[in-house]
Protein chains: 2
Amino acid sequence: MSEISNLSIKLRLIHENEIAFGPGKAELLLTIISTGSISKAAKQMSMSYRRAWQLVDAMNRCFSSALVITQTGGSHGGGAVVTPLGLEILQLYQEMQQQALLAATPHYDELKSHLKSAP
Amino acid sequence: MSEISNLSIKLRLIHENEIAFGPGKAELLLTIISTGSISKAAKQMSMSYRRAWQLVDAMNRCFSSALVITQTGGSHGGGAVVTPLGLEILQLYQEMQQQALLAATPHYDELKSHLKSAP
């Protein structure tokens, strides 16, 4: 059994043919929280502002109310705040991922035991 | 709550920077089982033979023994058989996915309740 194995898990909440929430949007929310702006978050994630804005827009459209609110200061200049609903969705998503990973672990351990050992 | 929402889950077993097993390889194994050949499976999955062969090769290299054995008849002509280890890995993967999905369901239901209802 090699030590350089791991299990990647990606959960995506699909709503009307759109990804309402997934790994990329979760990371974007976390980065907006830490940077306080969409443009800074985009830069930190090596993503265009346009792409980050599209992800925020998709989240805001899919949920019953906005997950991110942009503040005045122009389209690139103003800050952005993750709303209480945004924080709740993020937390639910992270807990869901943790529960799924936990449930997958016994089978993962068995799968891992069949991998080729490092030479 | 809309009825056109769903939860997509993708589990990938990573081994030495390579995907040893994941959704695409699981589907390929299933299609090799049903068609009896890599080239027919590739065609059915709208994938090049080369790509299908690369996926088979990656699986065979990552695990302790081959998951797919090709039979004589030329590089494209011969049939392919999923080995007992291949069947075991496939079953473990499917069970792992099922367990993860089951564990994610309570949080998914809660996330879903925050989605915008269809107009």
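## A guided tour of the two-chain model

Begin at the hairpin of chain A by selecting A:H15 and A:E18: A:E18, in β2(A), is the bridge partner of A:H15. Please bear in mind throughout that the model is predicted.

Extend the selection to the two strands concerned. Strand β1 of chain A covers residues 5-15 and strand β2 of chain A covers residues 18-21; the two pair in the antiparallel sense over 3 bridges. Together β1(A) and β2(A) make a hairpin with 2 residues between them. Within that turn, select A:E16, whose phi is positive, at about 50°.

Turn next to the hairpin of chain B. Here strand β1 (residues 5-15) and strand β2 (residues 18-21) of chain B run antiparallel and are joined by 3 bridges. Select B:L13 to find a bridge partner in β2(B), namely B:F21. The hairpin of β1(B) and β2(B) has 2 residues between the strands, and B:E16 takes a positive phi near 50°.

Now display both chains in full. A turn of 180° with a shift of 0.0 Å along the axis lays chain A on chain B with an RMSD of 0.0 Å. The two copies are therefore related as by a two-fold rotation axis. To locate this axis from chain A, select A:A100, whose C-alpha is the nearest to the axis in that chain, at 2.1 Å. As for the interface, 100% of the interface residues of chain A are also interface residues in chain B, so the copies meet through the same surface.

The next stops concern charged side chains. Over all chains, a search of the whole structure finds 6 salt bridges. Select A:D57 and A:R61, whose side chains meet in one such salt bridge, at 3.0 Å from N to O. Both residues belong to helix α3 (residues 49-62) of chain A; because they are 4 residues apart there, about one helical turn separates A:D57 from A:R61. A:D57 is partly exposed, with a relative accessible area of 24%, and A:R61 also counts as partly exposed, at 39% relative accessibility.

Move to chain B and select B:D57 and B:R61. Their side chains meet in a salt bridge of 3.1 Å, N to O. These two residues lie in helix α3 (residues 49-62) of chain B, 4 residues apart, or about one turn of the helix. B:D57 has a relative accessible area of 24% and is partly exposed; B:R61, at 39% relative accessibility, counts as partly exposed.

Remain in chain B and select B:D109 and B:K112, which form a salt bridge through their side chains (3.8 Å, N to O). Both are in helix α4 (residues 84-112) of chain B, 3 residues apart, about one turn of the helix. Is each residue of this pair buried or exposed? B:D109 counts as partly exposed at 37% relative accessibility, whereas B:K112, at 16%, counts as buried, since buried means under 20% relative accessible area. Return to chain A and add A:E18 to A:D57 and A:R61: salt bridges that share partners join these three residues into one network.

Finish on the surface of chain A with A:L30, A:I33 and A:L87. These residues form a nonpolar patch, with about 250 Å² of accessible area together. A:L87 is located in helix α4 (residues 84-112) of chain A, and its relative accessibility of 42% makes A:L87 count as partly exposed.

Technical notes. Residues numbered from 1 in each chain as written. Chains lettered and ligands numbered in written order. Predicted model: local features only at pLDDT ≥ 70, side-chain atom pairs only at ≥ 80, totals over all residues. Heavy atoms only, no water. Patch = residues over 30% accessible without salt bridge, like charges linked within 9 Å, V, L, I, M, F, W, Y side chains within 5 Å. Areas by Shrake-Rupley, 256 points an atom, 1.4 Å probe, with all protein chains shown as cover. Salt bridge = Lys/Arg side-chain N within 4 Å of Asp/Glu carboxyl O. Buried < 20%, exposed > 50% of the residue type's maximum accessible area, 1.4 Å probe, protein only. Least-squares fit on C-alpha atoms with pLDDT ≥ 70 in both. Contact = heavy atoms within 4.5 Å. Pairing = 2+ DSSP bridges.
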